[in-house]
Amino acid sequence: MQERQFLMVAGAPTPVAPFSHLVEIDDWVFVTGQMPTWPDDDGRALPDGIAAQTARVMDNLVIVLAGVGLDLSHVVQARVYITRFQEDYEAMNAVYSSYFPADRRPARTCIGVTGLARDALVEIDLIAKR
């Protein structure tokens, strides 16, 4: 059994709470939910609208995965949290699905929530396997 690794990724967004960007054990990689914040400017305003925020979140997830030599093809499960479920579900899905080939989409849960850090519209976390 591999020792747990609690990792922060250089160049990834500044955490909005006390957490590691990811934890790895036995070739399983648990990626903390990413927000639509900018990796190069934590104080910059969030992108406007669900499509832009979903793209920023996905790009942040790509940065975190790349920090440990992985990419979205390693993802086996995703959880999506959105604050305006009825209003934003379709637009979020359109952006989210563009990041995965149609025949290689991870298992996924999408949850409507009452609020997210920084008043974000979307947050996504991942589980990946080496």
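**Exercise 1. Find the residue that stands opposite Trp28 in strand 6, then work out how the two strands pair.**

Let's start small. Trp28 has Lys129 across from it in strand 6. Keep in mind that this is a predicted model.

Now zoom out to the whole strands. Strand 3 covers residues 28-34 and strand 6 covers residues 122-129. Five bridges join them, and the sense is antiparallel.

**Exercise 2. Lay out the strand order of the open sheet and say which strands stand at the edges.**

First, the order: six strands line up as 1-2-3-6-4-5. The pairing in this open sheet is mixed.

Next, the edges. Strand 1 (5-7) and strand 5 each have a single partner strand, so each has one side without a neighbour in the sheet.

How much are neighbouring strands turned against each other on average? The answer is 10°, with direction ignored.

**Exercise 3. Follow the chain from strand 4 to strand 5 and give the handedness of the crossover.**

Step one is the pairing: strand 4 (residues 75-82) runs parallel to strand 5 (residues 107-112), with six bridges between them. For one example, look at Tyr81, whose bridge partner in strand 5 is Ile111.

Step two is the route: after strand 4 the chain goes through helix 2 and on to strand 5, a right-handed β-α-β crossover.

**Exercise 4. Describe how helix 1 and helix 2 pack, and which residues meet.**

Begin with the geometry. Helix 1 (residues 50-66) and helix 2 (residues 85-97) have axes 9 Å apart and an angle of about 40°. Because of that angle, helix 1 counts as oblique to helix 2. The crossing is right-handed.

Then list the contacts. Helix 1 brings Ile50, Ala51, Thr54, Ala55 and Met58, while helix 2 brings Asp88, Ala91, Met92, Val95 and Tyr96. Sorted by type, the contact residues are eight nonpolar, one polar and one charged.

**Exercise 5. Place both helices on the strands they lie across.**

Take helix 1: it lies across strand 2 (22-25), strand 3, strand 4 and strand 6, at about 30° to strand 6.

Helix 2 lies across strand 4, strand 5 and strand 6, and runs at about 150° to strand 5.

Terms used
Residues are numbered from 1 along each chain as its sequence is written. This is a predicted model: local features need pLDDT of at least 70, side-chain atom pairs count only at pLDDT 80 or more; totals for chains, interfaces and linings use all residues. Side-chain values use heavy atoms; hydrogens and water are left out. Axes are lines fitted to C-alpha atoms, for helices over the stretch in contact, and angles run from 0 to 180 degrees between N-to-C directions. Helices (H or I, at least four residues) and strands (E, at least two) are DSSP runs, numbered from the N terminus. Angles under 35 degrees count as roughly parallel, over 145 as roughly antiparallel, 65 to 115 as roughly perpendicular and the rest as oblique. A crossing is left-handed if the near helix is turned anticlockwise from the far one by less than a right angle, and right-handed if clockwise. Contact means heavy atoms within 4.5 Å. Ala, Val, Leu, Ile, Met, Phe, Trp, Tyr, Cys and Pro count as nonpolar, Asp, Glu, Lys and Arg as charged, and the others, Gly among them, as polar. Two strands pair if DSSP finds at least two bridges between them. A crossover is right-handed if, with the strands pointing away from the viewer, the path from the first strand over the helix to the second runs clockwise.
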